[in-house]
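Trainee: I should like to go through this model with you, one topic at a time. May I begin with my questions?

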Amino acid sequence: MKNTLLFILYISFSAVYAQTGTIKGSVTGVSGKPIVHAHIYLEKHKHVVASDVNGAYLITNVPVGSHEIHFSAVGFKSKTETIEVKSGETTEVNFLGEEKLEVLNEVEVQGIKSITGMGYLDETHDGVIFSGKKTEVLLLDSLDANTAQNNPRQVLGRVPGANYSETELSGFPANGIGFRGLTPTQSVETNTRQNGYNITADLYGYPESYYLPPLEAVERIEVTRGASSLQFGPQFGGVINYVIKKGSAKKPFEFTTQQTGGSFGFLSTFNSVGGQMGKFNYYSFVQAQTIQGWRPNSDVQKFAGFAHVDFQATDKIKVGLEYSILRNRIHMAGGLSDSLLAYGMNKSYRARNWLRSPWNILTATFDWKLSSSTSLSVKSSYNNSVRELVWRNEDGGPNAADAIDPVTNDYVNREVEHEDFKSWTNEARLLSHYDLGSTSNTLAAGVRYFSGKMKRQGGGEGTTGSDFDLTLVNPVYEYDLNFTTTNIAPFIENTFRFNERLSITPGARFEYINSTIKGYNPTEDETAVVYSDRSKNRYIFLTGVGAQFCLTSSTNIYANWSQAYRPLDYSSLTPFGTTVTIDPKMKDSNGSNADVGFRGSVQNFLNFDISGFYLQYNDRVGLTLKDDGSGNLNPYRTNVANSIHKGIESYIEFNPIKALSEGKKWSLSFFNSLALIDAKYVSGEYKGKYVEYAPTSINRFGLNVVVKKFSTTFLISSTAKSYGDASNAATASADAVAGLIPAYTVMDWSGTLHIKNYNLKFGVNNLADARYFTLRTGEYPGPGIIPSIGRSLYVGFGVKF
């Protein structure tokens, strides 16, 4: 009886099993390279499988009969095929993936994992390995933001921990940005790029950003955190890359115009053309702006332009050429002391301070697809730019009156400063995918060659006038110095994939830096001049490693560590337009960055990235107060001490409407960008003190509503207090360089209405008219406190043909 029962069960099981089959196959791109983590699933068979590192997949126990099998992968067009599964047999279905341009509100992106306007870069992107690194990508046309005025909160506010020096309309040509308690002023700790190439004055000697592309022309902004030293350079703050739009691939000619007006006499016109004509793709824009300013004596005139053309010479070779131009004239309202601040932030006590920074960048590109798995990219850029300043000598600080002398019946003579930058940057990158055993791996290698020259002249005696006039009364400058920098930096990284989930990416970079200085500058008592003729070589070897573990096709855990290095720049060697005294014995800084995090998305309603960071900064250059021997405390720049920066960064975006149902004509989403930062000195006189410009928290909350063609975003940004110097002085110094930077909260509201090819943009910056500031400075546009702008409105109209 028992044997009979077992026999019946065996026959029944065999009959059921015989009613199923198996499906197997592979998924590859048109180049033949396997597509990893592609989704394969059946309409009736709910289990979803993912392709392995070889692009292979297997689905077992499939019921016999007709089925629809689906293929989907990030960056590829989805496909569906109808197949017949037979009993006990294996059916083979192979998919050939065709690359897809994902359209997000007119933004065409590739190789970016995003469900809204915020996402992260894929493992490799534009010839660079990003596996295991913390990255963020902002797709600008998917955001409601005041791009006409480059509002950093509304655009970069989604990036956790982004801290700004809001100075674009207060004397500097551009706003600065810093991360993780690093100095935000002029983005000196961050490698700033446009379309992947350097746009700063000098990579090491003068890494400040005086030119940024108009955000109306930017397609996306790519941010890579600290572990970027291996492929981009040794800086602590990582890389921020502004990617300019390209001409439409579907039209021979497309014209876009955007006209914007706003408070304080703001007027802006932006116009672009682009398209595809045979093998040529082109894009060009011009932007002209003028504003009277929130404060008196803060009027600005600016013109920016750009032209790009690339030619697809063969199916494997593409060459390109582009040119960027900036012309401006900035009236600087001057800084305020803490006592003057009590009379109002929108006051000005300087009317004779001016700046201009004409910028010119010419870049050639060469892209060669050596094979289906190997590509070479070369970028060569030439920067020929100037910065010129005429201002009242600020030795007395912001409290010193700029008044007419009753004896001469005229103002005192102003000072004239002049800097000339010429640099040539060349970068070659090789990216190759290769098989090692049963896995596909990726090699990235390259080299950078940089040669830069800077001429710095200052202390020249200018006129007694008030207008923009760089005329010298005496043709001899107080100091006249010539700097040069030569840099050669080979690098290599390799992603080893152990299986379809785990990969490790070690790498190394070698930096050779030669710096020279020739010329003269005055002695400390200004009674004589000292002539210099020095040269210094540096040899720096940097290493790093990253790891990434894919939990699902849309989520992963990442971790990385890399070394960092910051050589002294020219501003640290010789003061320029500043009241700060420089320590002549300063030395270079070094340290390391580390990240560990969890990121990904859940379908199309949840996007997240939660991580921790640890940054070690040795011999950090900062600002202290030093007794001048008479009991007066004056700002002093020196190697303050070692500092440790650690904390948590979190970005979460949730759309409850999409989570509950699809197909709605309206949408509601929330996002929160949070950074908790503990950046303190751990050695020296100021052990336990907070690092300058390092707020303990930066918290931003946004609400976005979309109803058909209308979208609107409300943003509230809260930044904790920080300090202007390493002593964390609660009582401000007389020149207002040292002291507290109080906590502040700012609200912004913006909206966009699309009607066919027309758009209407509007909003309010600083909705509650908060009074706050982000910068205390010992140099122009101060010295002193530089107030941020009060409430302002804007409205813009655009059309695309």
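Trainee: Is aspartate 126 buried or exposed?

Mentor: Please keep in mind that this is a predicted model. Aspartate 126 is exposed, because its relative accessible area of 57% lies over the 50% cut-off.

Trainee: Where is aspartate 126 in the chain?

Mentor: Aspartate 126 is placed in the loop between β13 (124-125) and β14 (128-129). Its backbone deserves a look as well: aspartate 126 has a positive phi of about 50°, although it is not a glycine. Most residues other than glycine have a negative phi.

Trainee: Which side chain meets aspartate 126 in a salt bridge?

Mentor: The partner is arginine 220, at 3.3 Å from N to O. Arginine 220 belongs to strand β20 (residues 218-224) and aspartate 126 to the loop between β13 and β14, so the pair ties together parts that are 94 residues apart in sequence.

Trainee: And arginine 220, buried or exposed?

Mentor: Arginine 220 is buried, because its relative accessible area of 8% is under the 20% cut-off. The salt bridge thus has an exposed aspartate 126 and a buried arginine 220.

Trainee: How many salt bridges are there by this rule?

Mentor: The count comes to 34. One of them pairs the side chains of glutamate 166 and arginine 153, at 3.2 Å from N to O. Glutamate 166 sits in the loop between β16 (163-165) and β17 (176-178), and arginine 153 in helix α2 (residues 152-156), 13 residues apart. Both glutamate 166 and arginine 153 are buried.

Trainee: What does arginine 566 pair with?

Mentor: Arginine 566 forms a salt bridge with glutamate 189, and their closest N and O atoms are 3.5 Å apart. This pair links distant parts of the chain, with arginine 566 in strand β35 (residues 555-566) and glutamate 189 in the loop between β17 and β18 (191-194), 377 residues apart. Glutamate 189 counts as buried, at 3% relative accessibility.

Trainee: Which residues are joined into one network by salt bridges that share partners?

Mentor: They are Lys134, Glu136, Arg180, Arg225, Asp595, Asp609 and Glu649.

Trainee: Back to phi for a moment. What is the phi of tyrosine 693?

Mentor: Tyrosine 693 has a positive phi of about 55°, and it is not a glycine. Its place is in the loop between β40 (666-681) and β41 (697-707). Tyrosine 693 counts as buried at 8% relative accessibility, whereas aspartate 126 counts as exposed at 57%.

Trainee: Let us turn to the interior. Which residues touch the most other members of the largest nonpolar core?

Mentor: That core has 53 residues, and the ones in question are Leu138, Leu156, Ile221, Tyr242 and Trp359. Leucine 156, not counting residues up to four places away in sequence, touches Leu138, Ala162, Tyr164, Ile177, Ile221, Val223, Ile240 and Tyr242. Another core, of 18 residues, lies apart from it and has Ile40, Leu42, Val85 and Phe95 among its members.

Trainee: And what does phenylalanine 608 touch?

Mentor: Leaving aside residues up to four places away in sequence, phenylalanine 608 touches Thr555, Phe598, Arg599, Gly600, Ser601, Tyr651 and Ile652. Phenylalanine 608 lies in strand β38 (residues 606-627) and is buried, with a relative accessible area of 10%.

Trainee: Now the surface. Which residues make the nonpolar surface patch?

Mentor: The patch, of about 970 Å², is made by Met277, Phe280, Val309, Leu321, Tyr323, Leu362, Tyr382, Trp424, Val447, Tyr449 and Ile488. Strands β26 (317-332) and β31 (439-461) each supply at least two of its residues. Valine 447, for example, is in strand β31 and is partly exposed, with a relative accessible area of 36%.

Trainee: To finish, the overall picture. How many helices and strands does the chain have?

Mentor: The chain has five helices and 49 strands. Its C-alpha trace spans about 125 × 55 × 55 Å along the principal axes. The radius of gyration is 29 Å, which agrees with the value near 28 Å for a compact globule of 801 residues.

Trainee: What share of the residues counts as buried?

Mentor: Of the 801 residues, 57% count as buried. The chain exposes about 32,300 Å², of which carbon and sulfur atoms supply 59%. Among contacts between residues at least 6 apart in sequence, 66% join residues at least 24 apart.

Definitions and conventions: Residues are numbered from 1 along each chain as its sequence is written. This is a predicted model: local features need pLDDT of at least 70, side-chain atom pairs count only at pLDDT 80 or more; totals for chains, interfaces and linings use all residues. Side-chain values use heavy atoms; hydrogens and water are left out. Patches are made of residues with over 30% relative accessible area and no salt bridge: like charges are joined within 9 Å, nonpolar side chains (Val, Leu, Ile, Met, Phe, Trp, Tyr) within 5 Å. Accessible areas come from the Shrake-Rupley method with a 1.4 Å probe; for residues, only the protein chains shown count as cover. A salt bridge is a side-chain nitrogen of Lys or Arg within 4 Å of a carboxyl oxygen of Asp or Glu. Helices (H or I, at least four residues) and strands (E, at least two) are DSSP runs, numbered from the N terminus. Buried means under 20% relative accessible area, exposed over 50%, partly exposed in between (1.4 Å probe, protein chains only). The radius of gyration is taken over C-alpha atoms; the globule rule is 2.2 Å times the number of residues to the power 0.38. Contact means heavy atoms within 4.5 Å. A nonpolar core is a set of buried Ala, Val, Leu, Ile, Met, Phe, Trp, Tyr and Cys residues joined through side-chain atoms within 4.5 Å.
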